[in-house]
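Here's a walk through one structure, with an eye on charged pairs, empty space inside and a couple of spots on the outside. Have a look at the model first, then read on.

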Amino acid sequence: MADNIWEMTLNRLDYTMDMLGLKKGLQKYLREPRRIIEVRIPVKMDSGAIEIFKGYRVQHNTNRGPAKGGIRYHQDVTLDEIKALAMLMTWKCAVVNIPFGGAKGGVVVDPSKVSQNELEHITRRYTFEIIEDIGPEKDIPAPDVGTNAQIMAWIMDTYSMVKGHAVPGVVTGKPIALGGSQGREDATSRGCVYTILSILKMLGIDTPDLRVIVQGFGNVGSNCAKIMCDLGYKIVVVSDISGGLYNPKGLDPYKISENIKKGNTLISYNDAEKIDGSKIFDIECDILIPAALENQITSANASNIKTRIIAEGANGPVTPDAEKILLENGIFIIPDVLCNAGGVTVSYFEWVQGNLAYFWGKREVNLKLRDIMEKAFYDVYNMHKEKKIDMRTAALMIAVERVAEAVNLGGIYP
Ligand code: NAD
């Protein structure tokens, strides 16, 4: 990875804590993860050979509630990345003011290179290795890059088998039939869209012909494209690891999804011009949604970007150097800790529903999500205006102050 995401995350935190004037001891406390778990995952592969995979779970903070965060399956997973993403989860839960701390997990594996059977064995053994450190009151995993509802089902089943009874509250983002929530699958994207609609209103530029570019066509990207398309906006570019599709008249994300579901690549879709994935940031648009991985917009490509709004569907897609260039060019950035917090918000709803064993309809979930996202957006936007600071600093100041208050009230044990 070109830029170390852990160093970047710490630098941003240090800046925020200085702005808040936090005492040095508290600063030291907030910089450190509470718990780092590293495991080895032996798996008998379909060939009969034994492979060993590396896995991590990091719990950054639990002062406001149990730790919460996704599990990533990707060949480039590192401990630094998981530490950074765990810390980001602490701030994300605090920005939307839900009672969780932050965590993240990861396994170093390319899920497209292993069979379903091998994926199940990796998941079950990983779960077993971290079983004493997760649980509905301790730490609740969810899907992230390379993981999905099926993987959450295997985690829940493994945990339940070991504990001797069904424990749906151990994961969120699980299938509805196992106690999942309505609306969880597209919650991150829906939350992202609520923040986009709020800023369009504030900037007074809400016309339906706005052009949208989406990088990444997985859970977050494809659902962002679909929801924005449903609202009448024009999706001019979508891309994934296979490359990009461009159509200035507008793409149909539903048809692109259907084509992928048949086992085809994104770029095999016909009704569009195929472009190199690295060229998508050269195309002019009004709203750019990076929804793939971190460090996609760097000082090398930031000055080419011609958009009015960047909505960070992904975690950490813009490096600090790139952010300076974008802000100087007058681009409005909705930062990840706010923009993609819809996923963890509906995960919170799933956890609440599971604990109560009482389930809500999709409309109720989406309305509650909108309330939380809009409240968080305006808290951050008002702080950004009042203090004349960028949106990321405003979001982090709100979040870090909430966590700092919780630490101060609880004190340091013993
Ligand atoms: P996913 O695995 O479903 O999809 C990732 C997509 O990115 C895939 O389409 C992949 O092909 C594409 N991609 C990977 N590298 C790329 C590249 N170099 N250029 C273009 N596309 C590339 O993952 P996801 O769950 O949609 O997560 C995407 C981002 O959103 C991650 O940063 C994740 O941490 C963040 N996020 C996800 C959730 C969630 O609920 N799933 C919640 C909050 C944040």
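Searching the whole structure turns up 27 salt bridges, each one a side-chain nitrogen of Lys or Arg within 4 Å of a carboxyl oxygen of Asp or Glu. Keep in mind that this is a predicted model, where local features need pLDDT of at least 70, side-chain atom pairs count only at pLDDT 80 or more, and totals for chains, interfaces and linings use all residues. Numbering starts from 1 along each chain as its sequence is written, and side-chain values use heavy atoms, with hydrogens and water left out.

Three of the pairs are set out here.

| Pair | N to O distance | Residues apart in sequence |
|---|---|---|
| Arg57 and Asp139 | 2.7 Å | 82 residues |
| Lys104 and Asp144 | 3.2 Å | 40 residues |
| Arg392 and Glu312 | 2.9 Å | 80 residues |

Take the pair of Arg57 and Asp139. It ties strand β2 (residues 50-61), home of Arg57, to strand β5 (residues 139-143), home of Asp139; strands here are DSSP E runs of at least two residues, helices are H or I runs of at least four, and both are numbered from the N terminus. Buried or exposed, what is Arg57? Arg57 counts as buried because its relative accessible area is 0%, given that buried means under 20%, exposed over 50% and partly exposed in between (1.4 Å probe, protein chains only). Asp139 is buried too, also at 0%.

Next comes the salt bridge between Lys104 and Asp144. Lys104 sits in strand β4 (residues 101-108), while Asp144 is in the loop between β5 and α5. Both Lys104 and Asp144 are buried.

Then there's Arg392 with Glu312. Arg392 belongs to helix α13, and Glu312 lies in the loop between β11 (309-311) and α9 (320-328). Arg392 is buried at 5% relative accessibility, and Glu312 is buried at 0%. The story goes on from there: salt bridges with shared partners join Arg12, Glu312, Glu323, Asp336 and Arg392 into one network.

Now for the empty space. The structure has one cavity of 30 Å³ or more, a cavity being a set of points on a 1 Å grid over the protein atoms alone where a 1.4 Å probe fits but cannot get out. The largest cavity holds about 180 Å³, a volume being the space filled by probe spheres set on the points, which are joined across faces, edges and corners. Its lining has 17 residues, and the closest to the centre are Met8, Thr9, Arg12, Leu88 and Asp336; lining residues have an atom within 4 Å of a point. Which elements supply at least two lining residues each? They are α1 (5-20), α3 (79-95), α10 (336-339) and α13 (391-410). Two names come back here: Arg12 and Asp336 are among the residues closest to the cavity centre, and both belong to the salt-bridge network.

Out on the surface, Phe128, Met161 and Val162 make a nonpolar patch with about 320 Å² of accessible area together. Patch members have over 30% relative accessible area and no salt bridge, with nonpolar side chains (Val, Leu, Ile, Met, Phe, Trp, Tyr) joined within 5 Å and like charges within 9 Å; areas come from the Shrake-Rupley method with a 1.4 Å probe, and for residues only the protein chains shown count as cover. Met161 is in helix α5 (residues 149-163) and is exposed, at 61% relative accessible area.

Asp230 is in helix α7 (residues 219-230) and is exposed as well, at 53%. Its C-alpha is 9.8 Å from that of Pro253, 23 residues away in sequence.

Technical notes:
1 Å grid on protein atoms, 1.4 Å probe; cavity = no way out; pocket = protein on both sides within 12 Å on 5 of 7 lines; lining within 4 Å.
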